[in-house]
Amino acid sequence: MPSQWLDPGYLAGLFLIWVRVGGLFMLAPPFSSRLIPAAVKAFLSLVIALIIFTTMGAKPVSMPLALYALTVLQQVTVGFALGLLGLIFRSEEHTSELQSH
């Protein structure tokens, strides 16, 4: 990991990715299961965020704090929406399995 990634601008970008992936993990099956501890979900989402961050060409984030806060809220919302879609598709799949028996 290059030392430039420890710059606050890069860490802010990593955090944006992490909150999106974390929001996804909160709702998407199988990660939404209560059998998986929250610490494990947080660690897995951080690992995935690091992989995305390093492979997609990391760039520093520079914006006013209020705009950054809104961007964090946006990323959490997108993560929740993606997780909710996964949950909807999983429930539809489960419903069709029940109807076929």
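1. A good place to start is L16, keeping in mind that this is a predicted model. Setting aside the neighbours within four places in sequence, L16 is in contact with V61, Y68, T71, V72 and Q75. L16 is also one of the buried residues of helix 1.

2. Two of those partners turn up again in the largest nonpolar core, which has five residues in all: A12, L16, V19, Y68 and V72. Helix 1 and helix 3 (65-100) each supply at least two residues of this core. Helix 1 gives the most, with three residues. As general background, nonpolar side chains in soluble globular proteins tend to be buried together.

3. Now for helix 1 as a whole. Does its length agree with what its residue count leads us to expect, or disagree? The helix covers residues 8-27, and at 1.5 Å a residue its 20 residues should span 28 Å. The end C-alpha atoms are 29 Å apart, so the two values agree.

4. Which residues of helix 1 are buried? Besides L16, the list holds G9, Y10, A12, G13, L14, V19, V21, G22, G23 and F25. G9 is worth a second look: at the start of the helix, a side-chain oxygen of D7 comes to within 3.0 Å of the backbone nitrogen of G9.

5. Helix 1 also carries an aromatic pair, and a search of the whole structure finds one such pair. The partners are F15 and W18, arranged edge-to-face, with 6.4 Å from centre to centre and 85° between the planes. Because F15 and W18 are three residues apart in helix 1, about one helical turn separates them.

6. Are the two aromatic partners buried, exposed or partly exposed? F15 has 33% relative accessibility, so this residue counts as partly exposed. W18, at 29% relative accessibility, counts as partly exposed too.

7. Moving on from helix 1, please look at the loop between helix 1 and helix 2 (38-55), where P30 has its place. The peptide bond from P29 to P30 is cis, and its omega is near 0°.

8. My last stop is L44, which sits in helix 2. With a relative accessible area of 35%, L44 is partly exposed. How far apart are the C-alpha atoms of L44 and F80? They are separated by 16 Å, while the two residues lie 36 residues apart along the chain.

Terms used:
Residues are numbered from 1 along each chain as its sequence is written. This is a predicted model: local features need pLDDT of at least 70, side-chain atom pairs count only at pLDDT 80 or more; totals for chains, interfaces and linings use all residues. Side-chain values use heavy atoms; hydrogens and water are left out. Helices (H or I, at least four residues) and strands (E, at least two) are DSSP runs, numbered from the N terminus. The expected span of a helix is 1.5 Å times one less than its number of residues. Buried means under 20% relative accessible area, exposed over 50%, partly exposed in between (1.4 Å probe, protein chains only). A polar contact is a pair of N or O atoms within 3.5 Å; within protein, one must be able to donate a hydrogen and the other to accept it, and residues adjacent in sequence count only if both atoms are side-chain atoms. A nonpolar core is a set of buried Ala, Val, Leu, Ile, Met, Phe, Trp, Tyr and Cys residues joined through side-chain atoms within 4.5 Å. Contact means heavy atoms within 4.5 Å. Rings of Phe, Tyr and Trp (its six-membered ring) pair if their centres lie within 6.5 Å; planes under 30 degrees apart count as stacked, over 60 as edge-to-face and the rest as tilted.
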